[in-house]
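Subject: The structure I promised you

Hi,

Here is the structure I said I would send over. Have it open while you read, and my notes on it come right after.

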Amino acid sequence: MRRDPLPGSGSSNVQPALTGRRGPQAPPLRLKRKCPPPSSSASHWPLPAPGALGVDSSATTGVAGHSEFRVGSRAGALQGPGATSGLLQDRDVQLSKALSYALRHGALKLGLPMRADGFVPLDALLQLPQFCGFSAEDVRRVVDTNQKQRFALQPGDPSTGPLIRANQGHSLQVPELELMPLETPQALPLTLVHGTFWRHWPSILLKGLSCRGRTHIHLAPGLPGDPGVISGIRPNCEVAVFIDGPLALADGVPFFLSANGVILTPGNADGFLLPKYFKEALQLRPTRKSLSLAGDEETERQRGPKHSARGKRMTQQ
């Protein structure tokens, strides 16, 4: 069927043939969100439409297991009676991760004025693009409800307003972080344990525990789920390494207690807690059993079952 040319389209009325190939496509239109400036005195920020906020973790930081979290967009909408509650929980997880990165690892890169004790002004934090759409009340709720007590808020003074910091887990140097020295064997918990994964176990047996880019090695006073264990050990860890604290202390290895109950040590001058301080090791998954500390051939025989938490992880990689 013949069609007249559209005005301004030239004299040709020949229609292009349809093929299986597509020509160059115009880039999708991206609308820039405008975020009202946050205020520390604001009431709860209105919840966005379902699916409006997400986390973009594509930019890694180089700190073991951590990413630079940014608020982004995500497709899909929550439906049903629990939609608002689920969205709030999802936003809180996003906010907690963004706070962890900014306060533990990225403050200098992000231009935050961090004090020697690790506190930064909350208003300055909320001005960052990563926190667009979050309010001071959102932050307070996450701090109050975080089961691992990762963060602390402080009133500050009129010149700074409220202050926030991470209680531990820094890769940044925080010289005046409020840590209580544990200077005698009696001050140490009866149990000191570090949780890890099968892929790290051969290296740990050979070299010891490492700070891995952070300022301290993290220890807990018990296994996941034990009474009094708030933080310091991941609930999904596969291997538990029990530490002889008094022996390490006698050799000059310092230990500290953080505000949220994590026992911290910088290890030796190279940042390692050597294998000679290992009392025992325990496989936690899929069943619990004792592990040998012999290493070499014995380590090969006791490798855990091959499995993948993220689809690609081999047992000892």
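What follows is a walk through the chain as a whole, then two sheets, then a few individual residues.

**Overall picture**

First, please keep in mind that this is a predicted model. The mean pLDDT of the protein chain is 75, and 65% of its residues reach 70 or more. Over residues 6–33 the pLDDT is below 50, and that stretch has 9 contacts in the model beyond near neighbours in sequence. Residues 307–317 also stay under 50 in pLDDT; there the model has 23 contacts beyond four places in sequence.

As for the make-up, the protein chain has 6 helices and 15 strands. It runs to 317 residues, of which 41% count as buried. If you take the contacts with a separation of 6 or more, 67% of them are between residues 24 or more positions apart. The exposed surface comes to about 18200 Å², with carbon and sulfur atoms supplying 53% of it.

**The three-stranded sheet**

One open sheet has 3 strands in the order 3-5-4, and the pairing is antiparallel. Its edges are strand 3 (120–121) and strand 4 (151–154), each of which pairs on one side only. Strand 4 is joined to strand 5 (residues 163–166) by 4 bridges, in the antiparallel sense. If you want a spot to look at in that pairing, Ala152 stands opposite Arg165 of strand 5.

Helix 3 (residues 136–145) lies across strand 4 and strand 5, and runs at about 125° to strand 4. The loop between helix 3 and strand 4 holds Gln149, which I'll come back to below.

**The four-stranded sheet**

Another open sheet has 4 strands in the order 7-10-14-15, again with antiparallel pairing. Strand 7 (193–196) and strand 15 are at the edges with a single partner strand each, so one side of each has no neighbour in the sheet. Ignoring direction, neighbouring strands here are turned by 30° against each other on average.

Inside this sheet, strand 10 (residues 239–243) and strand 14 (residues 278–283) run antiparallel and are joined by 5 bridges. Ile243 stands opposite Phe278 in that pair. On to strand 15 (residues 289–291): strand 14 pairs with it over 3 bridges, also in the antiparallel sense. Here Ala281 stands opposite Leu291, and Leu282 stands opposite Ser290.

Strands 14 and 15 form a hairpin with 5 residues between them. That loop is worth a look, since it is where Pro286 sits. Arg285 and Pro286 are joined by a cis peptide bond, with omega at about 0°.

**Two residues with a positive phi**

Some background for this part and for the cis bond: most residues other than glycine have a negative phi, and most peptide bonds are trans.

Gln149 is not a glycine, yet it has a positive phi of about 50°. It is partly exposed, with a relative accessible area of 37%. Arg212 also has a positive phi of about 50° without being a glycine. You'll find Arg212 in the loop between strand 8 (209–210) and strand 9 (217–219). Its relative accessible area is 48%, so it counts as partly exposed.

**Asn260**

Is Asn260 buried or exposed? Its relative accessible area is 1%, so it is buried, the cut-off being under 20%. Asn260 is in the loop between strand 11 (256–257) and strand 12 (263–265).

What does the side chain of Asn260 reach? One partner is the backbone oxygen of Lys148, at 3.0 Å. Another is the side chain of Ser258, with which it makes a polar contact (2.6 Å). Leaving aside residues up to four places away in sequence, Asn260 touches Lys148, Gln149, Arg150, Asn167, Gln168, Ile230 and Ser231. So Gln149 turns up again here, as one of the residues that Asn260 touches.

If you only have a few minutes with the viewer, I'd start at Asn260 and its contact with Lys148, then go to the cis bond between Arg285 and Pro286.

Cheers

Definitions and conventions
Residues are numbered from 1 along each chain as its sequence is written. This is a predicted model: local features need pLDDT of at least 70, side-chain atom pairs count only at pLDDT 80 or more; totals for chains, interfaces and linings use all residues. Side-chain values use heavy atoms; hydrogens and water are left out. Two strands pair if DSSP finds at least two bridges between them. Helices (H or I, at least four residues) and strands (E, at least two) are DSSP runs, numbered from the N terminus. Contact means heavy atoms within 4.5 Å. Axes are lines fitted to C-alpha atoms, for helices over the stretch in contact, and angles run from 0 to 180 degrees between N-to-C directions. Buried means under 20% relative accessible area, exposed over 50%, partly exposed in between (1.4 Å probe, protein chains only). A polar contact is a pair of N or O atoms within 3.5 Å; within protein, one must be able to donate a hydrogen and the other to accept it, and residues adjacent in sequence count only if both atoms are side-chain atoms. Accessible areas come from the Shrake-Rupley method with a 1.4 Å probe; for residues, only the protein chains shown count as cover. pLDDT is the predictor's confidence in each residue, from 0 to 100.
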